[in-house]
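Please consider the structure shown below. The paragraphs that follow lead through an enclosed space and two helix contacts.

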Amino acid sequence: MKKKTLFLFFLSILFGFFILDKIYPPNLNRFNQTSYLLLDENNEIVSTLISEDGFYRFPVQIEDVSKSYLNMLIAFEDKRFYYHPGIDPIAMCRALWQFGQKGKVVSGGSTLTLQVVRLLEPRKRTFKNKLLECFRALQLEYHFSKKDILRFYLTLAPYGSNIEGVRAASLAYFGKEPKALTVSEAAFLIAIPQKPSIIKFKRSELNLELATKHRDKVIERMEKTNDLSQLEIKEAKEDKIPVKRFPYPRYAQHIAYYYKYHLDEEDISNVNLPKAHLSKENLLKHKKSLYTSLNLPIQIQLESYLKNECQFLEPTQTIAAIIVNNETQEVKAYVGSADFYDEKRFGQIDMVRAIRSPGSLLKPFIYATAFDEGIIHPDTLIQDIPTRFGQYAPSNLKDIFHGTVSIREALQQSLNIPAIAILDTLGPARFCAHLKSFGVTLKFEHDNVNPSLPIGLGGVGMRLWDLVNLYTALANEGKFQPIKIEKHSPIYHKDKKNQNKITEEDKLYQNMLTSRDAALEITRILEEAPAPEGFVDGRAVLRPAIAFKTGTSYGYRDAFAIGYTRDFTVGVWVGKPDGTPSLNQLGRTHALPILFRIFHLLPKQPNQEQKRLSGLSGSKSKGENSSTTEKSMLSLKTKELPYALREFIKRQKSEYKSGNQKENPLKLFFPTEGSVIQLEVLKTISDNERKLLSFQSIPISFSGGKPPYYLFENGQPHPKPYHSREIPWKPEKPGFYELTLVDSEGHAQSVNIELKQ
């Protein structure tokens with residue numbers, strides 16, 4: 001009867017335990033509320049953000065902590081930890097006996113599991129709460145393994161001020177991960193949770209005398225258990241106690257905050273146990289650690305350099321930059337603003353993700369698309385003259401025009417008229433649709449606006465992130481892959497609305513932003529562009545050539561420079577985050593020098609060849625059919641070009657020179673078409689070898705049009721504009737001439753004449 005009663009008693013207790021466990025599951029909220037950590041490609045901490053409840057509490061794995069610390073912790077705090085069910089009956093009986101004998105607390109009966117209960121749910125020390133804590137301890141032991149419970153403790157143990165957990169403490173007091181703790185350092189960190197008064201909470205300073213005393217107490221306990229040798233004990237006691245806190249890493253802050261506030265709800269492990277029953281392993285993986293592709297040394301160098309560079313800018317200007325590894329498409333460094341904490345420079349605005357006008361940065365892709373469609377060749381001639389495209393009349397910087405130039409020269413000099421002429425042939429809407437098909441974000445002033453020609457000169461909003469992604473395609477021979485910053489599922493991906501699902505059958509074709517030949521030709525052109533003033537030319541043998549392009553937005557609001565080598569693509573933005581202009585701020589003068597210096601900061605890759613990217617044009621890309629022998633149109637020499645590709649000039653003139661001149665049209669009076677004019681020699685200058693003739697000026701008279709006027713002689717512009725309607729033209733020699741007169745709105749008149757002596 002007694003046995004049956006006893007059995008029913010224990011059965012009722014067990015039944016009651018499971019009922020209460022179901023109604024009141026363990027509360028792991030504090031354990032889940034860890035700090036947000038940004039980790040680099042080597043799992044080094046890049047940035048830390050405080051937890052929701054105001055603590056530096058870093059997630060930690062058992063494997064991340066030194067064995068000496070774990071052994072000392074178990075020996076000092078709970079030597080039967082692996083054998084009791086959360087409550088140690090032997091320790092509790094001993095504590096009660098000693099209390100009865102001495103009348104005071106001599107030793108505690110607490111276990112690590114009970115300490116975890118108090119850390120998860122702090123309560124006042126009452127008898128009722130003691131019973132509740134025992135119930136919670138049994139719950140933890142029932143639901144979780146000893147390894148899990150130990151990890152709870154390692155994450156939540158208090159270490160003074162707002163520091164919790166052994167990892168946060170190890171980094172704060174020793175500047176190292178807990179895996180590298182020495183015996184002395186481990187003993188110190190074991191002692192702090194037992195005596196928090198070691199730390200002065202307001203200043204996070206140490207009470208050296210008290211800290212040394214309690215550290216040595218832990219070491220002496222190890223001496224009694226023979227866990228440490230005499231030499232280890234001696235060396236541990238001689239070690240100095242830390243006197244100051246190390247600052248936590250705070251790099252790439254824009255990514256850290258973006259990650260914190262933009263993760264999907266399902267990616268944040270902030271769940272109670274009922275949900276976790278389905279997957280305890282998922283609960284115990286703290287998802288608030290973002291494993292990125294960043295390289296901490298490169299990130300630190302870039303931030304330091306850009307912050308120092310800001311001293312040469314206006315007080316409200318800042319710099320943003322991003323570095324991408326071309327082979328992996330991984331971001332290695334990311335700086336949204338040169339100084340995150342500088343309020344005058346609006347440092348907390350992420351200018352890598354901000355929508356800005358890209359200036360001329362889309363020109364290489366306009367030309368590359370035209371290359372692919374057989375519209376032009378790098379040596380095709382085109383006119384850079386004042387031209388009106390309907391109601392749109394673009395101009396060049398300082399209203400300087402260069403007459404007849406090749407496509408190669410037009411891109412290297414970033415001339416506006418040729419780029420817009422080509423874009424007009426391609427169609428701006430079709431060009432934008434091509435970019436959008438790769439997930440690139442294009443923002444217009446109004447949602448329903450159709451893309452128009454100004455997009456070629458910055459008349460569209462884009463992110464530096466997307467622009468750099470486009471240039472990585474040029475570096476990768478035309479192949480486009482989204483750049484990423486998170487190792488598993490990129491958080492800085494393109495707009496979900498613009499993402500296209502690509503089948504395996506179409507993947508190879510659809511991943512090509514441009515053809516390989518077009519990408520290599522654009523790269524060759526950009527590599528041969530002159531380096532910024534004060535720098536070695538991009539073709540120097542001291543380092544790989546840099547293919548680069550600059551961009552300046554309307555009103556000097558944004559200065560861009562993007563460049564790439566075989567290994568890296570770098571993007572730089574300079575300007576004011578509030579969008580106000582900066583006088584004479586150009587991409588070439590403000591952003592390009594920074595770009596070149598950043599390339600000098602980057603590490604050399606193994607077996608790095610000092611060759612241009614475009615030097616690959618003689619080799620086949622990966623996966624290219626070796627049987628392909630067809631010669632690319634872009635590889636033809638100038639004399640081999642078909643007539644249609646030799647010049648774009650005639651098409652350009654016939655389409656654009658007349659414009660819309662309903663009122664006061666431009667009309668050329670003299671000379672007339674086909675005129676033969678006799679030159680009058682003013683004087684003859686003789687020297688030992690030849691005679692130099694000086695001819696009388698010929699007046700070019702006209703009416704109408706809008707000044708200033710530009711005169712082109714056989715496609716070459718005169719050095720200055722004219723404001724009167726009679727231009728004195730002084731030819732150098734007899735011969736056939738084509739004279740073109742263009743007004744400020746792009747209306748033109750041309751005549752062909754012959755001059756005789």
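How many nonpolar, polar and charged residues does the lining of the second largest cavity have? The model examined here is a predicted one. By class, four residues of that lining are nonpolar, two are polar and two are charged.

The setting of this cavity may be described next. Rolling a probe the size of a water molecule over the atoms shows where empty space is left. In this structure the count comes to two cavities of 30 Å³ or more, and the second largest has a volume of about 50 Å³. Its lining consists of P26, N27, V117, L120, E121, R136, Q139 and L140. Two helices, α5 (112–120) and α6 (127–143), each supply at least two of the lining residues. The largest share, three residues, comes from α6.

The discussion now turns to helix packing. Two packed helices are described by the angle between their axes and the distance between the axes. Two pairs are taken in turn.

The members of one pair are helix α8, residues 166–174, and helix α9, residues 183–191. Their axes come within 11 Å and cross at roughly 120°. An angle over 115 degrees that is not over 145 degrees counts as oblique, and α8 and α9 are therefore oblique to each other. The crossing of α8 and α9 is right-handed. On the side of α8, the residues that meet the partner helix are V166, A169, S170, Y173 and F174; on the side of α9, they are E185, F188 and L189. The residues of this contact divide into six nonpolar, one polar and one charged.

The other pair consists of helix α15, residues 296–309, and helix α23, residues 587–601. These helices pack at an angle of about 150°, and their axes are 11 Å apart. Angles over 145 degrees count as roughly antiparallel, so this description applies to α15 and α23. The crossing of α15 and α23 is right-handed. From α15, the contact is made by Q301, L302, Y305, L306 and E309, while α23 contributes P593, I594, R597, I598 and L601. By class, the contact of α15 with α23 has seven nonpolar, one polar and two charged residues.

In review, α8 and α9 are oblique to each other, whereas α15 and α23 are roughly antiparallel. The cavity described at the outset is lined in part by residues of α5 and α6.

Definitions and conventions: Residues are numbered from 1 along each chain as its sequence is written. This is a predicted model: local features need pLDDT of at least 70, side-chain atom pairs count only at pLDDT 80 or more; totals for chains, interfaces and linings use all residues. Side-chain values use heavy atoms; hydrogens and water are left out. Axes are lines fitted to C-alpha atoms, for helices over the stretch in contact, and angles run from 0 to 180 degrees between N-to-C directions. Helices (H or I, at least four residues) and strands (E, at least two) are DSSP runs, numbered from the N terminus. Angles under 35 degrees count as roughly parallel, over 145 as roughly antiparallel, 65 to 115 as roughly perpendicular and the rest as oblique. A crossing is left-handed if the near helix is turned anticlockwise from the far one by less than a right angle, and right-handed if clockwise. Contact means heavy atoms within 4.5 Å. Ala, Val, Leu, Ile, Met, Phe, Trp, Tyr, Cys and Pro count as nonpolar, Asp, Glu, Lys and Arg as charged, and the others, Gly among them, as polar. On a 1 Å grid over the protein atoms alone, a cavity is a set of points where a 1.4 Å probe fits but cannot get out, and a pocket is an open set with protein on both sides within 12 Å along at least five of seven lines; lining residues have an atom within 4 Å of a point. Grid points are joined across faces, edges and corners, and a volume is the space filled by probe spheres set on the points.
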